[in-house]
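Me: I have a model open and would like to understand the terms used for it. Could you go through them with me?

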Amino acid sequence: MQIIIVKDKEELAEKAISFLLKRVSNLTIPVLGLATGSTPIKLYAKMVEAYKQNNISFNHTKTFNLDEYVGLPKSHPNSFHYYMKHHLFTHVDISTKNTFLPNGLTKDPDLECLRYEQMIKKFGAIDLQILGLGVNGHIGFNEPGTSFHTRTHVVQLNEVTRQTNSKHFQSISEVPMKAITMGIGTIMDSKEILLLVSGKEKRTIIKKALYDKITIDIPASVLQYHPNVHVIVDEAAAKYI
Ligand code: F6R
């Protein structure tokens, strides 16, 4: 595992974009795994900037998002479909048919999970998966206690996560109770993983995830088993590592 400590969010995004550009430039059809949340926003802005400066084209890129809330329409400002359009997809040359997110409005969530897994398999595997880290150690929406073997599945969101994410909603009662997320097994099948961690509220959990024992109580600790993980952490989050 490679751990890179950077000064702040800006430097984190700079390191992340140069990492991503290097990886993508070697691939004919890059398959990217994407995260939402506050941490990768600056990285997406840098991807847009790189595209506008002709340093990258997303013409042949396929993207798979980690997760989506169940019950929110794609047009809802808190849906991850909306987030991705807003921060990345509408600003670069990626075709909608090459961007995949779980359908949170499906009538049959279990079937949707299977379909999503099959779509990923159709393209082989995710070349580079971008991850953020939940304050409770979740990756995707895989909450503490999730088996390391899970594939894409429906989750009941834990109260810590609903509380944390309620800052984006009017009130906690509006935060969906469920989501569809890639499983930990799905994430671990990615060829390479880039974990981005920023802010002092992540200091304790990042230390546990990277250096303490591997346990389903800290889902991100599973990354210690992955042969190709890079972690970019800002100083605020890196206090104990
Ligand atoms: C987002 C996701 C989550 C976030 C995590 C960190 O698609 O799957 O695991 O990466 O909750 O979120 P932020 O970056 O907002 O701290």
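Me: What is the order of the strands in the open sheet, and what pairing do they have?

Reply: Happy to help, and bear in mind that this is a predicted model. The seven strands of the open sheet run in the order 1-10-9-6-2-3-5, with parallel pairing.

Me: Why is one side of strand 1 and of strand 5 left without a neighbour in the sheet?

Reply: Strand 1 (2-6) and strand 5 (99-100) are at the edges with a single partner strand each, so one side of each has no neighbour in the sheet.

Me: What makes strand 2 and strand 6 a pair?

Reply: Pairing takes at least two bridges. Strand 2 (residues 31-34) and strand 6 (residues 128-131) have two bridges, in the parallel sense, so they meet the definition. Within this pair of strands, Gly 33 is opposite Gln 129 in strand 6.

Me: How do you know that the side chain of Thr 39 makes a polar contact with the ligand?

Reply: The cut-off for N or O atoms is 3.5 Å. An N or O atom in the Thr 39 side chain lies 2.4 Å from a ligand oxygen, so the pair counts as a polar contact. The corresponding distance is 2.8 Å for Thr 36 and 2.7 Å for Lys 202. The protein buries 90% of the 410 Å² that the ligand exposes when taken alone.

Me: Which pocket holds the ligand, and what kinds of residues form the shell around the ligand?

Reply: The ligand sits in the largest pocket. Its shell has three nonpolar, eight polar and two charged residues.

Terms used:
Residues are numbered from 1 along each chain as its sequence is written. This is a predicted model: local features need pLDDT of at least 70, side-chain atom pairs count only at pLDDT 80 or more; totals for chains, interfaces and linings use all residues. Side-chain values use heavy atoms; hydrogens and water are left out. A polar contact is a pair of N or O atoms within 3.5 Å; within protein, one must be able to donate a hydrogen and the other to accept it, and residues adjacent in sequence count only if both atoms are side-chain atoms. Accessible areas come from the Shrake-Rupley method with a 1.4 Å probe; for residues, only the protein chains shown count as cover. On a 1 Å grid over the protein atoms alone, a cavity is a set of points where a 1.4 Å probe fits but cannot get out, and a pocket is an open set with protein on both sides within 12 Å along at least five of seven lines; lining residues have an atom within 4 Å of a point. A molecule sits in a cavity or pocket if more than half of its atoms lie within 2 Å of its grid points. Ala, Val, Leu, Ile, Met, Phe, Trp, Tyr, Cys and Pro count as nonpolar, Asp, Glu, Lys and Arg as charged, and the others, Gly among them, as polar. Helices (H or I, at least four residues) and strands (E, at least two) are DSSP runs, numbered from the N terminus.
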